[in-house]
Amino acid sequence: MMNEWDPESRERRREQRSARSRPQKKSRRSPLIPLGLLLALVSATAFVLILTMSVLSEENPEQVGSNPESSATSDAVAGSEDEEATGNAGSTTTEPSTTTSLREVVELPVADVRASSYIEPSEERTYGPDNLIDGDPATAWNEDAEGLGEGEWVRLQFETPIIPARLEVANGYQRDEERFTGNGRIEQMTVKYSDGTSQTVELEDREGFQDVPLPPKETEWLLITAQSVYPGSTWEDLALSEIRVFGSRAQLP
Ligand SMILES: [Ca+2]
């Protein structure tokens, strides 16, 4: 047994105790507690970040996604007019954009497409109205009525009512140069809505897609009728290669 009053053994015990406790303290606390703290901090920060990002993206999907122009404009205004005007300029330019961009403009699927007439398919090619919405500018609808094609029409039906914003139209038969100039192209056409209203628009006599802005009114279908034609140099058939419809759904799915 060790003597409590023996200074040597007391000293040794103190050393033993401190030798035992120091490494313990080190191994248990110093690496583990900061590591745990660090992990907790990192995960808390990540959680807050994810939460903030998801809240932001839920609140402003349209504002961020579909209005790069308006935000660029307000930045430009803020930049040019200095400190005094920034607050007001920023809010006045962004407010209208949030109200007008409540509905996202996307390409809308056409459920069904019909035409007044079309050339019967050959072994190689088809000329029906389905070619207007097949995504391929090299395939076209070719009408098959007497004359140059004035009064011929196609009708695009949608699954649910839409609010159009614009069409993207590939005029004529865009398979190649010979067919483009050889067949007729639309010069003027009317676009009629299911509420009975219509507007007349003019198309350019060129290849590629061209934009046709449309009034944003609800409709179940679009009836597109050729009013006047750029005549083909070889054939009397009026052709149209592709129609894309952009707008929003009038009802939530
Ligand atoms: Ca096509």
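In this predicted model, residues 58-101 form a stretch in which pLDDT stays under 50, and the model has 27 contacts beyond four places in sequence for them. A second stretch of this kind covers residues 18-29, where pLDDT again stays under 50 and the model has 0 contacts beyond four places in sequence. For the chain as a whole, the mean pLDDT is 77, and 59% of the residues reach 70 or more. These values are worth keeping in view while reading what follows.

The secondary structure amounts to 5 helices and 9 strands. Followed along the sequence, these elements give the pattern α-α-α-α-β-β-β-β-α-β-β-β-β-β. Of the 253 residues in the chain, 21% count as buried. Contacts between residues at least 6 apart in sequence were also sorted by separation, and 75% of them join residues at least 24 apart.

Strand β9 (residues 239-249) is a convenient place to start with the strand pairing. Strand β4 (residues 153-171) runs antiparallel to β9, with 9 bridges between the two; within the pair, Ile 162 is found opposite Arg 249 of β9. Strand β1 (residues 106-107) is also antiparallel to β9 and is joined to it by 2 bridges, with Val 106 facing Gly 247 across the pair. Strand β3 (residues 141-142) likewise pairs with β9 through 2 bridges in the antiparallel sense, and here Asn 142 stands opposite Ala 239. Strand β4 has a further antiparallel partner in β2, to which it is joined by 4 bridges. In that pair, Arg 114 lies opposite Arg 155 of β4.

Strand β2 also shows how side chains can be sorted by face. In a regular strand, side chains alternate between the two faces of the sheet. Along β2, Val 113 and Ala 115 point to one face and are buried, whereas Asp 112 and Arg 114 point to the other and are not.

The next question is which residues touch the most other members of the largest nonpolar core. This core has 33 residues, and those with the most contacts to other members are Trp 141, Val 154, Leu 156, Ile 186, Leu 240, Ile 243 and Val 245. At least two core residues come from each of β2 (112-115), β4, β5 (185-193), β8 (219-230) and β9. The largest share, 7 residues, is supplied by β4. As general background, nonpolar side chains in soluble globular proteins tend to be buried together.

Trp 141 offers a closer look at the surroundings of one core member. Beyond its neighbours within four places in sequence, Trp 141 is in contact with Ala 115, Tyr 118, Tyr 127, Gly 128, Pro 129, Asn 131, Leu 132, Val 154, Ala 239 and Leu 240. Two of the residues in this list, Val 154 and Leu 240, are also named among the core residues that touch the most other members.

Leu 167 belongs to strand β4 and is buried because 24 other C-beta atoms lie within 10 Å. Its contacts, leaving aside residues within four places in sequence, are with Val 212, Leu 214, Ile 243, Arg 244 and Val 245. Leu 167 and Ile 243 are 76 residues apart along the chain, yet their C-alpha atoms are separated by 6.6 Å.

Leu 222, in strand β8, counts as buried because it has 24 C-beta neighbours inside 10 Å. Apart from residues up to four places away in sequence, Leu 222 touches Leu 156, Pro 164, Val 191, Tyr 193 and Val 245. The C-alpha atoms of Leu 222 and Lys 192 are 5.7 Å apart, with their positions 30 residues apart along the chain.

Ser 241 brings the description back to strand β9, where this residue is placed. Is Ser 241 buried or exposed? Ser 241 has 27 C-beta neighbours inside 10 Å, and therefore counts as buried. Outside its neighbours within four places in sequence, Ser 241 contacts Pro 137, Thr 139, Ala 140, Ala 170, Gly 172, Tyr 173 and Gln 174. A separation of 9.7 Å lies between the C-alpha atoms of Ser 241 and Phe 180, which are 61 residues apart along the chain.

Note on methods: Residues are numbered from 1 along each chain as its sequence is written. This is a predicted model: local features need pLDDT of at least 70, side-chain atom pairs count only at pLDDT 80 or more; totals for chains, interfaces and linings use all residues. Two strands pair if DSSP finds at least two bridges between them. A residue is buried if 20 or more other C-beta atoms lie within 10 Å of its own, exposed if 12 or fewer, and partly exposed in between; C-beta atoms are placed from the backbone. Two residues are in contact if their C-beta atoms, placed from the backbone, lie within 7 Å. pLDDT is the predictor's confidence in each residue, from 0 to 100. A nonpolar core is a set of buried Ala, Val, Leu, Ile, Met, Phe, Trp, Tyr and Cys residues joined through C-beta atoms within 7 Å.
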